[in-house]
Amino acid sequence: MTSKKSVRESVLKSRGNAAQRDKSSIITEAKNLVKSLHYVQCNVTKYERREGAFALLTEAAVRLIKDFCQARACSGERRLAYIEEMIGEMGVVDAMFDECIQTGIFGDSDKLRIARHLDRMDEDIMRWQLVTKGRAQSNSQDNKVNS
């Protein structure tokens, strides 16, 4: 009998970036955002890391990953609710990113890298919301026809 390797075990043994292999670009970009924020945090004051806009930005990025995983695990109205939570978290991420720029936390290359992650995530979340709404409407119409 052969045993299958778990997904996490195979990720740990691989040398590549697991987020890049993920099929969803939302989770890939969210993970890359967190990675970029970790890279930048050595240039951030202790206050900003713990309580300021940088801390709120990092927390919102992590919550976005959580919301994505919950949305992926369900369907229909529940999925839409989690996608709406993701949209709300993106609002927090955007606001805190702007605040971090205003306070001069990020260098030019950091700003550009993080902005690219945010643009891709925002676009993909909106696309996922539209597709999910379309499926929900299609299913509700099918149920009305079958009734």
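Which residue just after α6 takes a positive phi? I found that G104 does, at about 80°.

**Basis of the entries**

I worked from a predicted model, in which local features need pLDDT of at least 70, side-chain atom pairs count only at pLDDT 80 or more, and totals for chains, interfaces and linings use all residues. Residues are numbered from 1 along each chain as its sequence is written, and side-chain values use heavy atoms, with hydrogens and water left out.

**Overall make-up**

I looked up the secondary structure and noted 7 helices and 0 strands; helices (H or I, at least four residues) and strands (E, at least two) are DSSP runs, numbered from the N terminus. The order along the sequence reads α-α-α-α-α-α-α. I then checked burial: of the 147 residues, 35% count as buried (buried is under 20% relative accessible area, exposed over 50%, partly exposed in between, with a 1.4 Å probe and protein chains only).

**Helix α6**

Helix α6 covers residues 76-102, which is 27 residues. From its first C-alpha to its last I read 39 Å, close to the 39 Å expected at 1.5 Å a residue; the expected span is 1.5 Å times one less than the number of residues. I listed its buried residues as R79, L80, I83, M86, E89, M90, V93, M96, F97 and C100.

**Helix α5 and its neighbours**

For the 20 residues of α5 a span of 28 Å is expected, and the end C-alpha atoms are 28 Å apart, which agrees. Many entries went into my list of buried residues in α5, including A53, F54, L57, L64, I65, D67 and F68.

How do the axes of α5 and α6 cross, and within what distance do they come? They come within 8 Å and cross at roughly 165°, where axes are lines fitted to C-alpha atoms, for helices over the stretch in contact, and angles run from 0 to 180 degrees between N-to-C directions. I therefore recorded α5 and α6 as roughly antiparallel (under 35 degrees is roughly parallel, over 145 roughly antiparallel, 65 to 115 roughly perpendicular, the rest oblique). The crossing of α5 and α6 is left-handed, that is, the near helix is turned anticlockwise from the far one by less than a right angle.

Helix α3 (residues 25-40) packs with α5 at an angle of about 155°, the axes being 10 Å apart. This pair, too, I entered as roughly antiparallel, with a left-handed crossing.

I also looked at V62, which lies in α5 and is partly exposed at 46% relative accessibility. Its C-alpha is separated by 7.3 Å from that of V34, 28 residues apart along the chain.

**Aromatic pairs**

My search of the whole structure gave 3 aromatic pairs (ring centres of Phe, Tyr and Trp, the last by its six-membered ring, within 6.5 Å; planes under 30 degrees apart are stacked, over 60 edge-to-face, the rest tilted). The rings of F68 and W128 have centres 5.3 Å apart and planes at 45°, so I classed the pair as tilted. F68 sits in α5 and W128 in helix α7 (residues 108-146), so the pair links distant parts of the chain, 60 residues apart. Both F68 and W128 are buried. I noted one aromatic cluster formed by F54, F97 and F106.

**Cysteines**

How many disulfides are there? I counted 0, taking a disulfide as a pair of cysteine sulfur atoms within 2.5 Å. C42 is exposed, with a relative accessible area of 62%, and C69 is partly exposed, at 33%.
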